[in-house]
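Thanks for coming, everyone. Please have a look at the structure on the screen before I start.

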2 protein chains.
Amino acid sequence: MDFVKMGEQAKEAARMLNRLGSEEKNRGLAAAAEALLAHKMQILEANQKDVAHAREAGMKESLVDRLQLNEKRIAAMADGLLQVAALEDPVGEVISMKKRPNGLCIGKKRVPLGVVGIIYESRPNVTADAFGLCFKTGNAVILKGGSDAICSNKAIVQVIQDALRGEEIPAECIQLVTDTDRSAALKMMRMDRYIDVLIPRGGAGLIRAVVENASIPVIETGTGNCHIYVDETADYEMALNIISNAKTQRTGVCNACESLVVHSAIADDFLKKLAAHLAEKKVEMRGDARAMAADASIVAASEDDWGTEYLDLILSVKVVDSIGEAIDHINRYNTGHSEAIITKDYANAQRFLDEIDAAAVYVNASTRFTDGNEFGFGAEIGISTQKLHARGPMGLEALTSTKYIIYGNGQVREM
Amino acid sequence: MDFVKMGEQAKEAARMLNRLGSEEKNRGLAAAAEALLAHKMQILEANQKDVAHAREAGMKESLVDRLQLNEKRIAAMADGLLQVAALEDPVGEVISMKKRPNGLCIGKKRVPLGVVGIIYESRPNVTADAFGLCFKTGNAVILKGGSDAICSNKAIVQVIQDALRGEEIPAECIQLVTDTDRSAALKMMRMDRYIDVLIPRGGAGLIRAVVENASIPVIETGTGNCHIYVDETADYEMALNIISNAKTQRTGVCNACESLVVHSAIADDFLKKLAAHLAEKKVEMRGDARAMAADASIVAASEDDWGTEYLDLILSVKVVDSIGEAIDHINRYNTGHSEAIITKDYANAQRFLDEIDAAAVYVNASTRFTDGNEFGFGAEIGISTQKLHARGPMGLEALTSTKYIIYGNGQVREM
């Protein structure tokens, strides 16, 4: 592939896209949505090739399911584009404008990032979703999906490109890296002249590879080793309900609870009740010595357990003697995602909110709420676990930058 | 050096620092300022060693001057810390708080980044300046200065660390990488487990090396190939005044004008006047064929000139036939720093502000205003030429992140 050409085309497309108003962008999204539905057979045929290859290669059926498209999933992709079209366009907003003593009016205006790169794994619906969010915010996007989904991704991108052309919008607003080898991914990660930000979406290995190798600014989305701390003043019923929800409502997600921290004053009593409660849901509990003493069903945790994101029906349990110890434990082992305290104590609630270092810190609620839709953003490109640019669920605004616009009337600098 | 230990100490210091209120941080800054003055002889002695080494090694006197400290410069460093103490503390502000339909109150709170890494070149005053800005915003800082200034930097850091200890604040809020070889810089750039953001301050080579090698998120500060476009409706007097200011008021700075773009309808007449005007200031003008035709003093520009940041009394001149052509030229060759249009035309002013891709876009003012103090931020850690996290002059807010704080009363997620 000619990465330089791809980069230049993306930059040029981004410049054109920057000139479009929200109405024109929404027309492009609607046309793409319509085209996905109109060409669903073409997409499904391509997807069947991917699925056949995957099965030949012995892919697990649970992963084949993620790869597989059907009419309903294509309809959901189209619907996703229409939902993004309905969201408010953040681009163009002047966030602030101040007059300086010398008369200069200095405003800060929201603008597209330019060219966004996204590297992701098997699910082909990400192709349409990522395009929709980037396009709405005036960004050209360069996508690199997994090799498993290459035929599906090519078909989806082709259909969207044709739809854009039909609206006289540059087709290069969406481009796909079709080389599927590792060296292509590495080349993409070094395109800092052309790509303004790189967002990896996938497992820890993918994200690590991007962080290690990219010369482009990266937004790390990520793993969640999320904790719930049950304070000595916690309402038991609320705690049981929240822990059960955060651990079992969905286990394979980054905002699920993986570790419990319990105050020693209530550990015996509370953990017995919790063990009975979670046994019904077949959750394995792995605890330290004091947790094990509380209930016979709790097995021994190793040091590795404290740092593990299980994504499974397993929960580690640590008993502490104070909120300070709880905070230290959590700040040591968490991944900066979502952490919660269950308490009736005002000071402890405030201290937990202040001192826990994570994207989302909760009092008396489930960690499962860390999500763009739940936060009211309408859509989400990922959940950032880094501190630069965006932290937590990233909606449309996370795909924008700002520029200063300055209105003068002849001002020059004196010193 | 033990980089892991340094990283762990920095993280621990950052956690302690996060608990301090503005008053305590301001006391730390005042103590550091006082200590710099009280121990000026110790710092000057160390600095004399650096200066002696530099002269032995044949350093140019203009560079020796940047390296050299004196009582006045130390007083300015101390004063800088007091000025930062007087600024409003951005940390802790809750930027927004909204109630969701399920009753969750979701707030966005400004917090420190954590640990900031700064890699810079010779001037030892950066050591105190960078510490001041990072400390005020609750960040621990790991500094790596140039090998030329190592004795001075060690002395300054020692004095500040002692002052912090005196206030019972962890001395590791400021740490210096004392290994001066390139492999130490590379190791620092890979400390993504410990450092949250890396800011290079220096020449293009340093910045490029950091972008290429860092696994930590980088804020690129930078070079400025700044343009002024003189539209056909420009007021000549205003244009001459602004160009003269932006080109000659200081030449070695990133917001100085390096390139002029002129509409063909006024090129002959205007460039003659400008050439006469700039001849007095000994500015060499390098133009395209039409610019050369306007005045005999204008010499031929090569293709390289369009992309060059001269930092000298040289100005490239391009003649264009439309504002569209001007915008295309500027967007092709600029470095995303500061660009200006001189015009009386409303539509052209708005179009220039909309379509130019740069951190700061001016109408009828000098590019020299792109500066933290001129923008009213009170201080500046650098001028970002990238689009992620911060763009343009970076004040205290650029050294902060946010976290979501969520107040619930037992909410769990239903789907």
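I'll go through the contact between the chains, then a sheet, then some salt bridges, and end on one arginine.

First, a caution. This is a predicted model. Please keep that in mind for every number I give.

Let's start with the interface. How many residues of chain A are in contact with chain B? The count is 76, and they meet 76 residues of chain B.

Now the area. An interface is often sized by the accessible area that is lost when the parts come together. Here chain A and chain B bury about 6,100 Å² between them. Of that, 48% is on carbon and sulfur atoms. Which three residues supply the most on the chain A side? They are A:Leu388, A:Tyr404 and A:Arg413. Together they give 14% of the area that chain A buries against chain B.

Next, the polar side of the interface. There are 48 residue pairs in polar contact across it, with both residues at pLDDT 80 or more. Which element of chain A gives the most residues to this side? Strand 16, residues 400-411, with 11 residues. By class, the chain A side has 33 nonpolar, 23 polar and 20 charged residues.

Salt bridges cross here too. Between chain A and chain B the count is 13. One of them joins B:Arg413 to A:Asp371, with the closest N and O atoms 3.8 Å apart.

Now the sheet. Follow strand 13 of chain A, residues 360-365. It pairs with strand 16 of chain B, residues 400-411. The sense is parallel, over 5 bridges. Look at A:Val361: its bridge partner in strand 16 of chain B is B:Ile405.

Is strand 13 of chain A enclosed or open? All 6 of its 6 residues are buried, so the strand is largely enclosed by the rest of the structure.

Within chain A, strand 13 also pairs with strand 12, residues 338-342. That pair runs parallel, with 4 bridges. A:Ala340 has A:Tyr362 of strand 13 as its bridge partner. Strand 12 of chain A is joined in turn to strand 7 of chain A, residues 226-230. Again the two run parallel, with 4 bridges. There, A:His227 is partnered with A:Glu339 of strand 12.

Put that together and you get an open sheet of 10 strands, with mixed pairing. The order is 10(A)-9(A)-11(A)-8(A)-7(A)-12(A)-13(A)-16(B)-2(B)-1(B). So which strands sit at the edges? Strand 10 of chain A, 299-300, and strand 1 of chain B, 94-99. Each of these pairs on one side only.

On to salt bridges in general. Over all chains the count comes to 49. Let me show you a few.

Take A:Glu61 and A:Arg55. Their side chains meet at 2.8 Å, N to O. A:Glu61 is partly exposed, at 47% relative accessibility. A:Arg55 is partly exposed as well, at 42%.

Now A:Asp196 and B:Lys387. Their salt bridge is 3.9 Å, N to O. Why does this pair join two chains? A:Asp196 lies in the loop between helix 8 and strand 6 of chain A, while B:Lys387 lies in the loop between strand 14 and strand 15 of chain B, so the pair links the two chains. Both residues are buried.

A third example is A:Arg286 with A:Glu284, at 2.7 Å, N to O. A:Glu284 is partly exposed, with a relative accessible area of 34%.

There is also a network. Salt bridges that share partners join A:Arg190, A:Asp192, B:Arg208 and B:Glu212.

Last stop: A:Arg391. Where is it? In the loop between strand 14, 382-384, and strand 15, 392-394, of chain A. Buried or exposed? At 6% relative accessibility, A:Arg391 counts as buried.

Its side chain makes a polar contact with the side chain of A:Asp357, at 2.9 Å. A polar atom of the A:Arg391 side chain also lies 3.1 Å from the backbone oxygen of B:Thr402. Leaving out residues up to four places away in sequence, A:Arg391 touches residues of both chains, including A:Ala358, A:Ser384, A:Gln386, B:Val111, B:Ser401 and B:Tyr404.

That's the tour. Happy to take questions.

Methods. Residues numbered from 1 in each chain as written. Chains lettered and ligands numbered in written order. Predicted model: local features only at pLDDT ≥ 70, side-chain atom pairs only at ≥ 80, totals over all residues. Heavy atoms only, no water. Contact = heavy atoms within 4.5 Å. Buried area = accessible area lost by both parts, 1.4 Å probe. Salt bridge = Lys/Arg side-chain N within 4 Å of Asp/Glu carboxyl O. Polar contact = N/O pair within 3.5 Å; in protein donor to acceptor, adjacent residues only side chain to side chain. Nonpolar A, V, L, I, M, F, W, Y, C, P; charged D, E, K, R; others polar. Pairing = 2+ DSSP bridges. Buried < 20%, exposed > 50% of the residue type's maximum accessible area, 1.4 Å probe, protein only.
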